[in-house]
Amino acid sequence: MIRKFISRVFSGKKPRAGHHEPAVIPVSTHGITRDRISSGSRRVCETLQQHGHKAYVVGGAVRDLLIGAEPKDFDVATDATPEEVRRYFRRARIIGRRFQIVHVMIGQETLEVTTFRGLLDEKTKTDEHGRVLHDNVFGSHAEDAARRDFTANALYYDPASEAVIDYHHGVGDLKQKTLRMIGEPRTRYREDPVRMLRAVRLAAKLGLIIDPAARTPIREMAGLLENVPPARLFDEMLKLLTSGHSVKCITQLRDEGLHHGLLPMLDVILEQPMGEKFVMLALENTDQRVRQGKGISPGFLFATLLWHEVLVHWEKLKAKGEPKIPALYQAMDTVIDVQGEKLAITRRIAGDIKDIWALQPRFEQRAGKRPYSLLEQPRVRAGYDFLLLRAESGEIDAEMAEWWTNFQNAEGHERAEMLLPEQAGEKKKRRRRKKPANAAPTTE
Ligand code: ATP
Ligand code: MG
């Protein structure tokens, strides 16, 4: 130790990041006993340790336990390579994303096991803005800690000793409710601009203050998000929106100047006064469901976020004389295409979104057999929930939503009595539709 220190002083070198001794905080101080972590993560750590490796629960789970929140999932960090990890477990597979991780299945649990990552150096591949493209170099435990984003996320829990290993004063920062970046924030944002979104999401979710050194550069560096691959932005937006604190996250994104021009969807959400009420209602609704442990569908969520954008396009097309239903479909495609460029909404989710939108005009039809056949549609429940939000936000008459609530609850004969009379125009149109195929196209 002393010799190392002296040689450092005389060589004039600063200690390299990731090369200092960590604080080892005993269970008597932090109080997290091993029964607080999932049985799967315990098994994984024990197995790896039995094979002579280091293995710890890391990241969000340790952070959440320290502040008394329920961890979402348990991640493990180890000095075993992905290949080694895979060999130790019967149900394990390597998945390669930005860096290789191993998914280990234990009972119902899937654990993400990552190998300690090394520091970036001159050889690390980046794009012209400094964003790190490949990140697969393994390293020591200390280096792994230095590569994590925030001090509160660089905590390691050892189930064997029940100690928390803290290289960057994360426990102290958490006590002070501060989210502090490891290293120089500007450099870290350049390496990975998504860290700006993570800062906002974690602060909002955990009730932490972003340390000014990490907060100040966000405004000036927000533009770097434009350069992030759409699929990653979509993942991060989904995390943010399903965090149970989406209203707070979105509000804070706006406060930090992260919504403007980068994420068209957020422009849409926050800069349409008409849509803001609808979207906020939808997000409150989602937050409530998440906190009650109910499932939420990404399709429904994105359908609400983009609905008012669809309405704007739809109105324009109708004003140009485009028939109602084709105009709606055209508006839907335009909105999905524009968002897709930035957010890479997956094709399946795009399908769900369109189903919900396409059902909306069908709720207007409350005569004859149509209400019955609408209720047979596979996505009608989501479409109806969507209708309720539209009514609650004042976009449509509350009467229509009430009618559908009552119609669904009514008995057979009551239903028949509820039906509205066929309008003269409706009948005429339907008769016209029955004309042979070579007749002029009908309009609706
Ligand atoms: P959540 O509660 O949302 O799961 P989390 O902090 O666990 O929060 P994950 O995305 O699961 O977030 O990441 C696990 C850990 O990996 C983080 O705690 C952090 O240590 C590290 N990490 C994740 N993303 C980054 C990043 N962009 N840069 C550096 N480290 C990261
Ligand atoms: Mg996590």
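This tour moves from the confidence of the model to ligand 1 and the residues around it.

The structure is a predicted model, in which local features need pLDDT of at least 70 and side-chain atom pairs count only at pLDDT 80 or more, while totals for chains, interfaces and linings use all residues. Residues are numbered from 1 along each chain as its sequence is written, chains are lettered from A and ligands numbered from 1 in the order in which they are written, and side-chain values use heavy atoms, with hydrogens and water left out.

Begin by colouring the protein chain by pLDDT, the predictor's confidence in each residue, from 0 to 100; its mean is 87, and 88% of the residues reach 70 or more. Select residues 1-16, where the pLDDT is below 50 and the stretch has 6 contacts beyond near neighbours in sequence, a contact being heavy atoms within 4.5 Å.

Next, select ligand 1 and show what surrounds it: of the 16 residues around it, counted as near if one of their heavy atoms lies within 4 Å, those that come nearest are Arg 63, Asp 192, Arg 195, Arg 201 and Lys 239.

Now look at individual atoms. A nitrogen atom of ligand 1 lies 2.7 Å from a side-chain N or O atom of Asp 192, and an oxygen atom of ligand 1 lies 3.1 Å from a side-chain N or O atom of Arg 198.

Finally, select helices H4 (60-66), H9 (194-206) and H11 (230-241), the elements that give two or more residues to the shell around ligand 1; helices here are DSSP runs (H or I) of at least four residues, numbered from the N terminus. H9 gives the most to that shell, with 4 residues.

How values were computed. Polar contact = N/O pair within 3.5 Å; in protein donor to acceptor, adjacent residues only side chain to side chain.
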